[in-house]
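Please look through the structure shown here, and keep it in view while reading the paragraphs that follow. They go from single charged side chains to the way the domains meet.

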Amino acid sequence: MKRVFLIVMDSLGIGEEPDAALFGDRDCNTLKRISGSDKFRFSSMRDMGVGNIDGQSYLPAAKKPLAAVARLRERSMGKDTTIGHWEIAGVVSQSPLPTYPDGFPPEVIAEFEEATGRKVLCNKPYSGTEVIKDYGEEHMKTGALIVYTSADSVFQIAAHEDVVPLEQLYGYCRTARKILKGKHAVGRVIARPFIGEPGSFTRTANRHDFSLLPPKETLLDALEKDGKTVYAVGKINDIFAGRGVTKHVMTHGNTEGMAVALGALDEEFEGLCFVNLVDFDMLYGHRQDVDGYAAAFAEFDNWLPSFTSKMKADDMLIITADHGCDPGDSHTDHSREYVPCIVYGKNVKPVNLGTRSGFCDIAATVAEYLGSGFKGDGQSFLSDIIKPTAEEKALCEAAYEAMHSSYSPYSGFTVGAAVLTKSGKIYKGCNIENAAYSPSVCAERTAVFKAVSEGEREFAMLAVCGGKGGKLKGLCPPCGVCRQVIREFCPDGFPVLLMKSKTTFVKKTISELLPYSFSPDNLSEDK
Ligand code: THU
């Protein structure tokens, strides 16, 4: 039962992206910044290979890293939580979510006032605690709503619980959500209720977020459709407006998030457990608290072995981030940074994938690992990191061996194939050319025909490799005729291993290689 645990260390960037200046960021590297603190601890994350990631040479590298690692560049034009997580889930956003450093435009406010029948106070970026201090009394006297924003894409409505009952406040938020569309599609509308008397107002725990829906299908939607579990921990459920989530737990901070993730390891499910650890960003990044951030990182570093030691054979752990928030740079806002991607599991090879373009590669990889057809905007790197099973290994070795029997005096292009039967037997084949050219036959057909002529009808997998003069350079995908022959004997989901080397391959299904195929089904009586 395959499970992926995807943990977002919120804002743990690892260095400015090439276009950081466009976002007002320069010389930012969240991880590097906190690595200078006395509170920093780099032990299990070092063992994973975080110091081996591109651009992290200020950290000690692991001689034998335990995880596959990569540095990921953000393809979306943004540096906020929502867009970062959407990209991790496979959706690239062309423009950032709108922010309002000068408050919301008059037409938005007018529409909101008309729809709610209440006036608006403030309408500026403001601190949440200050805004109720400064406008709370007037709000209580007049019933006008306190609307404010921040550096993030948020429309926040503060109201006293005795003046505006909670349900009514939530209703106003839904109204705002309907108004804030198109170019004003803010990431979140947030209800910020408070209680108390002037001079001693306090916010209550009844805060509620009304998030923008992701603009297209995400990994979460696809997994839910496939009947898999999508377990959201922390603010993940809000970020996706609940879409594609089958189960969720809200958490209060990193410590609880890590405890819930650990607990999820004991649960029986197939699918994704998607965790956000928000303290890095909320408590330390924005507040420019380098030591606090470093201590939170140390807590995670210390916790990690307790998690990895409990992982089962088919579990995959991916640790990443959604943007940066360098606590030592010139502003309190997020920073446009690369993020780390650390993939650990018993069947994951510890390779360094270098720098890749797109957080969305994570979604493509998770989807492929969990057997979903979802691609999103990214490219899967699964075939680069996954250790082959014993069967896959044996089959690839057989195909490689068969290639050396190739009879190809005319093209010089040697091809080997091997097909595994359901009963566990392997049949090998090579390409066999002919002076008259047209009677030549491909390696895949040789292997399949050999097996069929021995009475075999049920197959489990096929591997193929080829190249000039017995050397593999890139893939050797089956030709159209061979695809048709494979399809004759093999169902839609039948795996074909397109070998990159003797031991590595890209795994495709026959229906991916031959969509809308003509098969024995088409000739059956009831068609
Ligand atoms: N070949 C195969 O064996 N399998 C394929 O699917 C593609 C092509 C062989 C046929 C020929 O001998 C040589 O590669 C060059 O086309």
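K79 counts as buried, because its relative accessibility is 13%, and a residue is called buried when this value is under 20%. In this predicted model, K79 takes part in a salt bridge with D333, where the closest N and O atoms are 3.9 Å apart. The two residues come from distant parts of the chain, since K79 sits in the loop between β2 (68-73) and α3 (81-88), while D333 belongs to the loop between β12 and β13, and 254 residues separate them. D333 has a relative accessibility of 22% and therefore counts as partly exposed, so this salt bridge joins a buried lysine to a partly exposed aspartate. Side chains of opposite charge can pair when their charged atoms come close.

The loop that carries D333 also holds D326, and this loop runs between β12 (315-320) and β13 (339-344). Is D326 buried or exposed? D326 counts as buried, because its relative accessibility is 0%. Leaving aside the neighbours within four places in sequence, the residues in contact with D326 are D27, C28, N29, T30, R33, Q288, H331, S335 and E337. With one of them, N29, the model shows a distance of 2.9 Å between the backbone nitrogen of N29 and a polar atom of the D326 side chain.

Another residue on that list, R33, forms a salt bridge with D326, and here the closest N and O atoms are 2.7 Å apart. This pair, too, links distant parts of the chain, for R33 lies in helix α1 (residues 30-35) and D326 in the loop between β12 and β13, 293 residues apart. The relative accessible area of R33 is 29%, which means that R33 is partly exposed.

A third pair is found elsewhere in the chain, where the side chains of R188 and D209 meet in a salt bridge with an N to O distance of 3.5 Å. R188 is in strand β6 (residues 188-195) and D209 is in strand β8 (residues 208-211), and the two are 21 residues apart. Both R188 and D209 are buried. Salt bridges can also be joined into a network, as they are for E17, D19, R73, E74 and R336. A search of the whole structure finds 27 salt bridges.

The view can now widen to the domains. The domain assignment gives domain 1 (3-90 + 214-385), domain 2 (106-211) and domain 3 (390-523). The centres of domain 1 and domain 2, taken over C-alpha atoms, are 32 Å apart. How many residues of domain 1 are in contact with domain 2? Five residues of domain 1 are in contact with four residues of domain 2.

The size of an interface is often given as the accessible area lost when the parts come together. Between domain 1 and domain 2 the buried area is about 470 Å², and carbon and sulfur atoms give 43% of it. On the side of domain 1, T82, D238 and D333 supply 58% of the area buried against domain 2, more than any other three residues. The residues on this side of domain 1 divide into two nonpolar, one polar and two charged. Between these two domains the count of salt bridges is zero, whereas one residue pair is in polar contact, with both residues at pLDDT 80 or more. D333 thus appears in two settings, as a partner of K79 in a salt bridge and as a contributor to the area that domain 1 buries against domain 2.

Methods
Residues are numbered from 1 along each chain as its sequence is written. This is a predicted model: local features need pLDDT of at least 70, side-chain atom pairs count only at pLDDT 80 or more; totals for chains, interfaces and linings use all residues. Side-chain values use heavy atoms; hydrogens and water are left out. Domain bounds come from an automatic or database domain assignment. Contact means heavy atoms within 4.5 Å. Buried area is the accessible area (1.4 Å probe) that two parts lose on being put together, summed over both. A salt bridge is a side-chain nitrogen of Lys or Arg within 4 Å of a carboxyl oxygen of Asp or Glu. A polar contact is a pair of N or O atoms within 3.5 Å; within protein, one must be able to donate a hydrogen and the other to accept it, and residues adjacent in sequence count only if both atoms are side-chain atoms. Ala, Val, Leu, Ile, Met, Phe, Trp, Tyr, Cys and Pro count as nonpolar, Asp, Glu, Lys and Arg as charged, and the others, Gly among them, as polar. Helices (H or I, at least four residues) and strands (E, at least two) are DSSP runs, numbered from the N terminus. Buried means under 20% relative accessible area, exposed over 50%, partly exposed in between (1.4 Å probe, protein chains only).
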